[in-house]
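This explanation leads a reader through one protein structure, from its overall plan to individual side chains. Please keep the sequence and the three-dimensional view at hand while reading.

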Amino acid sequence: MPPKKHQSTPTPATAAAATPPDIPPWHPLQVTVPEPSPSPSPRRCVAYMDLTREECGRLFPSGRLRSQPFRLDGRPFFLSARCNMDQRNAFHCFGLFLAMDDDDDEDDEEDDAGSPASVTVEYEFAARTSASSSGDEFVSRYKGYYTFAGGKACGYRDLLGTPWTSLMAAADDDSIFFVDGVLRLRAELSVKELELI
């Protein structure tokens, strides 16, 4: 009988390299358009991103998880969840970012041919929390607006306002962010009209 081969548990780096090529390299989103749009490229949308506790755990200490791409005003965007250091470099925390992809494989649509290279987007990031007044609803965590060009990103390094160790240590029953083991995030996005002077 031949000896059994020892199989080592893959590290995150080797697991990523061993991922079959038919599995997308991004995390799925649910994207909705809040009002009917006559254009195939809406100027407003809401993107929902759900992350399990295990997926979040794999981000430590400096990992990132990119969402599937989606289009806003004819341009390709994606969300990026990250484990990073806070602004003072004091502790690890959970960050969420919005980026415009500069590597767009889709052909430009005719109505986007004359679009400028940059676009200003108003955004609001929210997380579902069990500690809200009505319980289990999305609570706004960060909002603003940003003018994007290809390859640029904006967001917040400490979206949840808690150190990574506290976020991950709380059991589901005690966690305000992991509801049934899932961190639920929402990004409300709209193209900001330029004000004429």
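The paragraphs below turn from the chain as a whole to its core, its strand pairs, one loop residue and its salt bridges.

The structure is a predicted model. Its protein chain contains 3 helices and 11 strands. Read from the N terminus, the order of these elements is α-β-β-α-β-β-β-β-β-β-β-α-β-β. The chain has 197 residues, of which 37% count as buried. Its accessible surface amounts to about 12,100 Å², and carbon and sulfur atoms account for 51% of that area. Contacts also link distant parts of the sequence: of those between residues at least 6 apart, 63% join residues at least 24 apart.

The interior may be considered next. The largest nonpolar core has 37 residues, and the members that touch the most others are Phe77, Leu79, Phe94, Leu98, Leu185 and Leu189. Several elements give two or more residues to this core, among them strand 2 (44–52), strand 5 (75–85), strand 6 (92–100), strand 7 (119–129) and strand 11 (182–191). Helix 3 (164–169) also gives two or more residues, as does strand 4 (70–72). Leucine 189 illustrates how such a core residue is surrounded. Leaving out residues up to four places away in sequence, leucine 189 touches Arg43, Arg44 and Cys45, then Phe70 and Leu72, and further along the chain Leu98, Val121, Glu122 and Tyr123.

Strand 6 deserves separate attention. Of its 9 residues, 8 are buried, so strand 6 is largely enclosed by the rest of the structure. Which way does strand 6 run relative to strand 5, parallel or antiparallel? The two strands run antiparallel and are joined by 9 bridges. Within this pairing, serine 80 has phenylalanine 97 of strand 6 as its bridge partner. The hairpin formed by strand 5 and strand 6 has 6 residues between the strands, and asparagine 89 in this hairpin takes a positive phi near 60°. Strand 6 is also paired with strand 9, again in an antiparallel arrangement, through 4 bridges. Here the bridge partner of leucine 98 is cysteine 154 in strand 9. Leucine 98 is thus both a bridge partner in this pairing and one of the core residues listed above.

Strand 9 leads to a neighbouring loop. Glycine 150 lies between strand 8 (137–148) and strand 9 (153–156), in the loop that separates them. Is glycine 150 buried or partly exposed? Its relative accessible area is 40%, so glycine 150 is partly exposed. Apart from neighbours within four places in sequence, glycine 150 is in contact with Met100 and Asp102. The C-alpha atom of glycine 150 is separated by 9.0 Å from that of proline 76, although these two residues are 74 apart along the chain.

The charged side chains complete the picture. How many salt bridges does a search of the whole structure find? The search finds 6. One of them links arginine 66 and aspartate 101, with the closest N and O atoms 2.3 Å apart. Because arginine 66 belongs to strand 3 (residues 64–66) and aspartate 101 to the loop between strand 6 and strand 7, the pair ties together parts that are 35 residues apart in sequence. The two partners can also be described by their accessibility: arginine 66 is partly exposed at 33%, whereas aspartate 101 is buried, with a relative accessible area of 13%.

Another salt bridge joins the side chains of glutamate 188 and arginine 186, at 3.1 Å from N to O. Glutamate 188 is partly exposed at 29% relative accessible area, while arginine 186 is buried at 17%. Elsewhere, salt bridges with shared partners join Arg43, Asp73 and Arg75 into one network.

Within that network, aspartate 73 is located in the loop between strand 4 and strand 5. Aspartate 73 is buried, with a relative accessible area of 15%. Its side chain makes a polar contact of 3.0 Å with the side chain of arginine 43 and a polar contact of 2.7 Å with that of arginine 75. The link between aspartate 73 and arginine 75 is also a salt bridge, with 2.7 Å between the closest N and O atoms. Arginine 75 is buried as well, at 7% relative accessibility.

Terms used. Residues are numbered from 1 along each chain as its sequence is written. This is a predicted model: local features need pLDDT of at least 70, side-chain atom pairs count only at pLDDT 80 or more; totals for chains, interfaces and linings use all residues. Side-chain values use heavy atoms; hydrogens and water are left out. Buried means under 20% relative accessible area, exposed over 50%, partly exposed in between (1.4 Å probe, protein chains only). Contact means heavy atoms within 4.5 Å. Accessible areas come from the Shrake-Rupley method with a 1.4 Å probe; for residues, only the protein chains shown count as cover. A nonpolar core is a set of buried Ala, Val, Leu, Ile, Met, Phe, Trp, Tyr and Cys residues joined through side-chain atoms within 4.5 Å. Two strands pair if DSSP finds at least two bridges between them. A salt bridge is a side-chain nitrogen of Lys or Arg within 4 Å of a carboxyl oxygen of Asp or Glu. A polar contact is a pair of N or O atoms within 3.5 Å; within protein, one must be able to donate a hydrogen and the other to accept it, and residues adjacent in sequence count only if both atoms are side-chain atoms.
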